[in-house]
Amino acid sequence: MYTFEQFRQELRDALAHLYDPDYEPSTLLAAVIGCDLRDGAGPVQSTLIETIKTLAVASGAAEEDVSQRLYDVLHRRFVLRRTQRQAAEQLHMSPRHLRRVQREATHALARML
């Protein structure tokens, strides 16, 4: 039996290899996402990118601002492949604050999956 924390770790590893053609997703991650490992990493990586996009919101309500911030961090760090420092500068926050929000965003992404 896997724990949520183990899944979050698998997710962090997958995000770090979002565009790596040699990445081999874990059976846990593939099972949760609903992808067949025989299809390679592509479907897992595509699903992660699409799930990150669902965090983006159009409106300006307070709870949506949080989702937008989580999206902004994940999108810049993993989809656009920015370093922590670059993403922090673009989002006008310190690298330390970015790491904190990134943990929160990864947790939210794990819950969504």
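Which residues of α6 are buried? In this predicted model, the list runs to Leu 98, Val 101, Gln 102, Ala 105, Thr 106, Ala 108, Leu 109 and Ala 110. The helix itself covers residues 95–112, 18 residues in total. From first C-alpha to last, α6 reaches 25 Å, close to the 26 Å expected at 1.5 Å a residue.

The charged side of the story starts with Arg 96, which also lies in helix α6. Arg 96 has a relative accessible area of 59%, so with the cut-off for exposed set at over 50% it counts as exposed. Together with Arg 99, Arg 100 and Arg 103, Arg 96 forms a positive surface patch.

Over in helix α3, residues 42–53, sits Ile 49. Ile 49 is buried, at 15% relative accessible area. Ile 52 belongs to α3 too, and its relative accessible area is 0%, so Ile 52 is buried as well. Both isoleucines can be placed against Val 79. For Ile 49 and Val 79, the C-alpha atoms are 6.8 Å apart, although 30 residues separate the two along the chain. For Ile 52 and Val 79, 27 residues apart in sequence, the C-alpha separation is 8.6 Å.

Now for the salt bridges, of which the structure holds six. Side chains of opposite charge can pair when their charged atoms come close. One of the six pairs Arg 8 with Glu 5, at 3.5 Å from N to O. Arg 8 and Glu 5 are three residues apart in helix α1 (residues 4–16), about one turn of the helix. An α-helix has 3.6 residues a turn, so residues three or four places apart point the same way. Arg 8 is buried, with a relative accessible area of 15%, whereas Glu 5 is partly exposed at 41%. Glu 5 also meets Arg 12 in a salt bridge, this time at 3.1 Å from N to O. Arg 12 is partly exposed, with a relative accessible area of 29%.

Helix α4, residues 62–79, has a pair of its own: Arg 76 and Asp 72 both lie there, four residues apart, again about one turn of the helix. Their salt bridge has its closest N and O atoms 3.9 Å apart. The two partners fall on either side of the 20% cut-off for buried, because Arg 76 comes out at 21% and counts as partly exposed, while Asp 72 comes out at 19% and counts as buried. Back in the other set of bridges, shared partners join Glu 5, Arg 8 and Arg 12 into one network.

Conventions. Residues numbered from 1 in each chain as written. Predicted model: local features only at pLDDT ≥ 70, side-chain atom pairs only at ≥ 80, totals over all residues. Heavy atoms only, no water. Helix = DSSP H or I, 4+ residues; strand = E, 2+ residues; numbered from the N terminus. Expected span 1.5 Å × (residues − 1). Buried < 20%, exposed > 50% of the residue type's maximum accessible area, 1.4 Å probe, protein only. Patch = residues over 30% accessible without salt bridge, like charges linked within 9 Å, V, L, I, M, F, W, Y side chains within 5 Å. Areas by Shrake-Rupley, 256 points an atom, 1.4 Å probe, with all protein chains shown as cover. Salt bridge = Lys/Arg side-chain N within 4 Å of Asp/Glu carboxyl O. Lys, Arg positive; Asp, Glu negative; His and termini not counted. Charge placed at Lys NZ, Arg CZ, Asp CG, Glu CD.
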